[in-house]
Amino acid sequence: MGGEGGEYGQEIWRSGRVLAECMEAVCGAAYLDGGVDAVQKILVHLGFFS
C-alpha cells in the first residue's frame with residue numbers, strides 16, 4: 001500500500017464523497033429490507049432528524 005498513486009495519493013478516503021456513497025448504500029439496503037420507516041430510524045439515530 002505504498003506509493004503515492006491511486007486512491008491513497010488522491011486522498012479519497014478523507015473526502016465527503018466516500019461517506020456520502022456509504023450512507024447511500026446503507027440507506028438503500030435499509031429501504032429494501034424495511035422500507036421508509038427503517039431508513040427514517042437510521043437517520044434519526046444518526047442525528048439527521050429529531
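Trainee: How should I read the accessibility of Arg 17 here, as buried or exposed?

Mentor: The general idea is that a residue is judged by its relative accessible area, and anything over 50% is called exposed. In this predicted model, Arg 17 reaches 59% relative accessibility and is therefore exposed.

Trainee: With which residue does the side chain of Arg 17 form a salt bridge?

Mentor: In general, side chains of opposite charge can pair when their charged atoms come close. In this case the partner of Arg 17 is Glu 21, with an N to O distance of 3.2 Å, which counts because the cut-off is 4 Å. The count for the structure comes to one salt bridge.

Trainee: Why are Arg 17 and Glu 21 about one helical turn apart?

Mentor: Both belong to helix α2, which covers residues 16-45, and because they are four residues apart in that helix, about one helical turn separates them. As for their surroundings, Glu 21 is partly exposed at 43% relative accessibility, whereas Arg 17 is exposed.

Trainee: How many disulfides should I expect to find when I look at the cysteines?

Mentor: A disulfide would need two cysteine sulfur atoms within 2.5 Å, and the structure holds zero of them. The accessibility of the cysteines can still be read: Cys 22 is partly exposed, with a relative accessibility of 42%, while Cys 27 falls to 17% and is therefore buried, given that buried means under 20%.

Trainee: How many helices and strands does the protein chain have?

Mentor: The protein chain has two helices and zero strands. As to burial, the chain has 50 residues, of which 10% count as buried. In α2 the buried residues are Cys 27, Ala 30, Gly 35, Val 39 and Leu 43.

Trainee: How far apart are the end C-alpha atoms of α2, and what span would a straight helix reach?

Mentor: The general approach is to compare the end-to-end distance with the span expected from the number of residues. For α2, which has 30 residues, the end C-alpha atoms are only 20 Å apart, whereas a straight helix would reach 44 Å at 1.5 Å a residue. Alongside that shortfall, α2 has a kink of about 135°, and Gly 34 is at its centre.

Trainee: Which C-alpha distances could I check for Val 39?

Mentor: Two pairs can be followed. Val 39 and Ala 29 are ten residues apart in sequence, with 8.8 Å between their C-alpha atoms, and Val 39 and Val 26, 13 residues apart along the chain, have their C-alpha atoms separated by 8.6 Å. Val 39 itself lies in helix α2 and is buried, at a relative accessible area of 14%. Ala 29 also lies in α2, but is partly exposed, at 46% relative accessibility.

Trainee: Which residues form the nonpolar patch on the surface?

Mentor: The general idea is to look for nonpolar side chains that are accessible and lie within 5 Å of one another. Here the patch consists of Val 44, Leu 46, Phe 48 and Phe 49, which together have about 410 Å² of accessible area. One of these, Phe 49, lies in the segment after α2 and is exposed, with a relative accessible area of 52%. Gly 47, which follows α2, has a positive phi near 90°. For the protein chain as a whole, the accessible surface comes to about 4400 Å², and 58% of that belongs to carbon and sulfur atoms.

Notes. Residues numbered from 1 in each chain as written. Predicted model: local features only at pLDDT ≥ 70, side-chain atom pairs only at ≥ 80, totals over all residues. Heavy atoms only, no water. Buried < 20%, exposed > 50% of the residue type's maximum accessible area, 1.4 Å probe, protein only. Areas by Shrake-Rupley, 256 points an atom, 1.4 Å probe, with all protein chains shown as cover. Patch = residues over 30% accessible without salt bridge, like charges linked within 9 Å, V, L, I, M, F, W, Y side chains within 5 Å. Bend = angle between axes of the 7 residues up to and from the residue.
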